[in-house]
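Where does a protein leave empty space, and which residues surround it? Look at the structure below, then read on.

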Amino acid sequence: MQAKYISYQDTGAFSQIVLDYISGEAKLSDFYSFKPDTDGFSHAIRNRRFLGDRQRLVTVLQSQYTEVQTSALVKDNIILLADERTFTITTGHQLNIFTGPLYFIYKIVTAINLAKQLKQEFPEYNFVPVYWMATEDHDFAEINHVRIEEKKLSWNKDSAAGATGRMGIKDIAEVLAAYKGYLGISENGLELAGIVEKAYQGKPGKLSDATRILVDSLFGEYGLVCVDADVPELKQQFADIIRRDIETGDSYKEITASNEALEAFGYKTQVNPREINFFYMLDGLRERIVKEEDRYQILNTEISFSVEELEREIDTFPERFSPNVVMRPLYQEVILPNLCYIGGGAELTYWLQLKGNFDHYKIDFPVLMLRNSALIIDKRSAEKMHMLGIKEKELFTDSDQLKSTWVHAHAEHRILLSDEQRALGALFDQIKLNAYKIDKTLSETTDMAKHKALKLIHMLEKKMLKAEKRRHATALSQIEGLKLRLFPGGVLQERVLNIAPMYIAHGKDFIPALIAAFDPMEPKFTILFAS
């Protein structure tokens, strides 16, 4: 694939806070610790104080990979985590079936590439790419489907309560068959079908196990380590913060203060803290904890605890306490020797909201890196662009604006009347001056006549554009089709499309092409032209 790059600003798809962050806007400096560049990473390495149990992390990961036929590089990377010179480069995502949208893939590729780049820059240290599996998330409706072109395939499950990572997958056969049916009988389609079948119909009984096998099949050769933090051995290290958040409400105060500071700068915040930012979790149950008088109540259940009972429960069963979106990043940094978190625009926004809370708990804040984003232009679409004379940057223009611009550029006769409008305005200004000399009250009448005349010119211009569009109806229809193909639903391709059509088209070459094209240290949007 041939890669070209444009600025994130030119896409019109990223929030102002993200654009300001990647451009180094000074007013955001209090909301992060280190810049996402070589100097920033150098400072982060020197200042990272990891207090977690490395050997316990290694033991947990080795146990989680017992049933995975992974690469030697993954096994070596897990062992490397015991070394104090080793850091993780982490990205995370929900357990979407069959990987979900393309940006799931892009996140992981960014982490792999950044780990490789940092090893070249700082050879005396080790950098392990990590995919943090959001196994404790309970929003099944967000992960139970996948979109392939215009089709939506859904996993219909009778019981979908509790943490998604703990869900059984015996009833996924129907949607798996539909997915494999789409993949077809080409060599590439059959190859991906074999990968997903191995993940979802093999030994694993939980969605977390299936996701680990699927991700490892795609990225194991690059040394990517999948982490499932829903285990008591890791939660024990977080127990003190669990207790403090529930009993003091400090996280609510810290994050609220950060939100107010960001909003004062005109930014929109992404998440809001609660007074208690933990769920109580059992198999089939993940419900909020709320304070009711002198007891802690688990919503929608009969379960409640006194302060003493709560503390005993946290000490004995820390795995039953699941962090929400504002505490999950803190948990991650407690148990991983993490140097950088890689996320999309929304994730970066809420991480910026959390710096004050990290400081409060004296936990090091990682470097924040915007994941690589891409638009993949298939051969047919590239040919259409060439025929229409449309440049890649123009693709990100609103469809109506793109068509109007194209018509103006290809009209046989001039249809913009801006020169005439300026001349007419100047003429009325002269008339107004002359009229004013005769009678001051005529000034307002002249202004009204000017406004009416300019409005008529504008209406005539719109009619001329509309007539010209009728002459180019075929081309404009092709532009509309091009936009729909490359921006399904009017949004970035990566937010909707699954890896399936890309794998069918490119097979094993697809992920290496992304790895060759993505540069995490260069904040540019990637456009890939398929060969």
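## The enclosed space

Seven names come first: Arg274, Ile276, Asn277, Phe278, Phe279, Arg288 and Asn324 line the largest cavity. This is a predicted model. The largest cavity holds about 30 Å³ of space. A search of the whole structure for cavities of 30 Å³ or more finds 1. Its lining divides into 3 nonpolar, 2 polar and 2 charged residues.

How is such space found? Rolling a probe the size of a water molecule over the atoms shows where empty space is left.

## The largest pocket

Now turn to the pockets. The largest pocket contains about 1,300 Å³ of space. It is lined by 49 residues, and Gln94, Glu142, Val325, Glu347 and Tyr350 are the closest to its centre.

Which helix or strand supplies the largest share of this lining? Helix α15 does, with 5 residues. Several other elements give at least two residues each, including the helices α1 (16-22), α5 (102-121) and α14 (328-335). Strands take part as well: β2 (86-93), β3 (126-133), β8 (285-292) and β11 (321-323) each supply at least two residues.

One of these contributors, α5, deserves a pause. Helix α5 has 20 residues and reaches 29 Å from its first C-alpha to its last. The span expected at 1.5 Å a residue is 28 Å, so the two values are close. Is α5 largely enclosed or largely open? Of its 20 residues, 14 are buried, so α5 is largely enclosed by the rest of the structure. Buried here means under 20% relative accessible area.

## The second largest pocket

The second largest pocket has a volume of about 660 Å³. Its lining has 24 residues. Nearest its centre lie Glu149, Asp378, Arg380, Arg485 and Leu486. Three elements are named as giving two or more residues to this lining: α17 (379-388), α21 (473-486) and α22 (500-506). The largest share, 6 residues, comes from α21.

## Residue types in the linings

The table sets out the kinds of residue in each lining.

| Space | Nonpolar | Polar | Charged |
|---|---|---|---|
| Largest pocket | 18 residues | 16 residues | 15 residues |
| Second largest pocket | 10 residues | 7 residues | 7 residues |
| Largest cavity | 3 residues | 2 residues | 2 residues |

Go back to the structure and find α15, which gives 5 residues to the lining of the largest pocket. Then find α21, which gives 6 residues to the lining of the second largest pocket.

Key:
Residues numbered from 1 in each chain as written. Predicted model: local features only at pLDDT ≥ 70, side-chain atom pairs only at ≥ 80, totals over all residues. Heavy atoms only, no water. 1 Å grid on protein atoms, 1.4 Å probe; cavity = no way out; pocket = protein on both sides within 12 Å on 5 of 7 lines; lining within 4 Å. Points joined across faces, edges and corners; volume = space filled by probe spheres on them. Helix = DSSP H or I, 4+ residues; strand = E, 2+ residues; numbered from the N terminus. Nonpolar A, V, L, I, M, F, W, Y, C, P; charged D, E, K, R; others polar. Buried < 20%, exposed > 50% of the residue type's maximum accessible area, 1.4 Å probe, protein only.
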